[in-house]
Amino acid sequence: MNNYTPKYVIVQNYIKDKIKSGVLKPGDKVPSEHDLSNMFKVSRVTINSAITQLRIQGIVESIRGKGTFVKSADDIFLKIDDDKKPNFKISSRGHNDNHKLISSEILTTGEDKTNKLMLLPGEKYHRITRLMYSQDKVISVEYLYFPYEFYPQEIDREIIEGSYLYSFLEEHCNKKPKYMHTHIDITYPDELEQKYLKAYKNEPLLLWYSAVIDGNDMVLGYTENCARPNDFRPYLRQSL
């Protein structure tokens, strides 16, 4: 690594190397923030940033009062190589899906909210809300998040309705996405999701969370897809 590599990325790669080499196995406890801070001669804030990024990527999980543990030793990333991009898609059927913009907001980060984009308090970011359709039916409410500095202006409706986040970041923000990491959770619909998905207030829905990551393991942006399980069954298609 060169001297321009962010310190928190150096810490991330150290932990990843320990996992890949088998020194740290699934279920093992990662060295504490205090120990890592002393080891790399950096602040606890830097270590916390590294651990937060690893959690977002699904490599570790933190348990309150116990510490941070290895979640998986598998290669959890989907690599978005140039020769695979035309065949990469996450959708309900793999074709004939389209998007409709509901809102485009420019928001400001605060100290009291979880900041998956690793922005400083007071920095701006885009929050896009759109619907995914398949065969004229709304199958998902999708939220897109990325830093305002990547695209310091209002979002053009036509561009954002016709783009997946990773292609938007590459084509319009001059970024170089290399991986996407996706995991699934359960959520309950808010009023907007109840309206468009025709879901009941207490109906469990699937939440597909996908982080777009560059070659330096920095999260460029992320999406959240909220959908009813019977309507939205994403699959992954890629060339081998």
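A residue is called buried when its relative accessible area is under 20%, exposed when that area is over 50%, and partly exposed in between. In this predicted model, Thr 129 has a relative accessible area of 2% and therefore counts as buried. Thr 129 belongs to strand S6, and, once its neighbours within four places in sequence are left aside, Thr 129 is in contact with Leu 101, Ile 102, Ser 103, Val 141, Glu 142, Tyr 143 and Leu 192. Its C-alpha atom is separated by 8.5 Å from that of Glu 105, a residue 24 places away along the chain.

Widening the view to the whole protein chain, one finds six helices and 11 strands, and buried residues account for 45% of the 240 residues. Among the contacts between residues at least 6 apart in sequence, 60% join residues that are at least 24 apart.

The largest nonpolar core comprises 20 residues, among which Leu 117, Tyr 145, Leu 197 and Ala 211 touch the most other members. Strands S6 (124-134), S7 (137-147), S9 and S10 each supply at least two residues of this core, and the largest share, five residues, comes from S9. For Ala 211, with its neighbours within four places in sequence again set aside, the contacts are Ile 56, Tyr 179, Met 180, His 181, Val 219, Gly 221 and Tyr 222.

From the core we can turn to the largest pocket, which holds about 1100 Å³ of space. Its lining is made up of 37 residues, and those lying nearest its centre are Thr 52, Ile 56, Asn 115, Lys 116 and Met 118. Sorted by class, the lining has 16 nonpolar, nine polar and 12 charged residues. Helix H3 (44-56) and strands S1 (60-63), S8 (177-187), S9 (205-214) and S10 (219-227) each supply at least two residues of that lining, with the largest share, seven residues, coming from H3.

Helix H3 itself has 13 residues and reaches 18 Å from its first C-alpha to its last, which is close to the 18 Å expected at 1.5 Å a residue. The buried residues of H3 are Thr 46, Ile 47, Ser 49, Ala 50, Ile 51, Thr 52, Gln 53, Leu 54 and Ile 56. Two of these names have already appeared, since Thr 52 and Ile 56 are among the lining residues nearest the centre of the largest pocket, and Ile 56 is also in contact with Ala 211. As background for reading such a helix, an α-helix has 3.6 residues a turn, so residues three or four places apart point the same way. H3 is followed by Gly 58, whose phi is positive, near 80°.

A positive phi also occurs at residues other than glycine. Met 118, although not a glycine, has a positive phi of about 60°; Met 118 sits in the loop between strand S5 (97-108) and S6, and with a relative accessible area of 27% this residue is partly exposed. Asp 217 is likewise not a glycine and has a positive phi of about 65°, its place being in the loop between S9 and S10. At 8% relative accessibility, Asp 217 falls under the 20% cut-off and so counts as buried.

Definitions and conventions: Residues are numbered from 1 along each chain as its sequence is written. This is a predicted model: local features need pLDDT of at least 70, side-chain atom pairs count only at pLDDT 80 or more; totals for chains, interfaces and linings use all residues. Side-chain values use heavy atoms; hydrogens and water are left out. On a 1 Å grid over the protein atoms alone, a cavity is a set of points where a 1.4 Å probe fits but cannot get out, and a pocket is an open set with protein on both sides within 12 Å along at least five of seven lines; lining residues have an atom within 4 Å of a point. Grid points are joined across faces, edges and corners, and a volume is the space filled by probe spheres set on the points. Helices (H or I, at least four residues) and strands (E, at least two) are DSSP runs, numbered from the N terminus. Ala, Val, Leu, Ile, Met, Phe, Trp, Tyr, Cys and Pro count as nonpolar, Asp, Glu, Lys and Arg as charged, and the others, Gly among them, as polar. The expected span of a helix is 1.5 Å times one less than its number of residues. Buried means under 20% relative accessible area, exposed over 50%, partly exposed in between (1.4 Å probe, protein chains only). A nonpolar core is a set of buried Ala, Val, Leu, Ile, Met, Phe, Trp, Tyr and Cys residues joined through side-chain atoms within 4.5 Å. Contact means heavy atoms within 4.5 Å.
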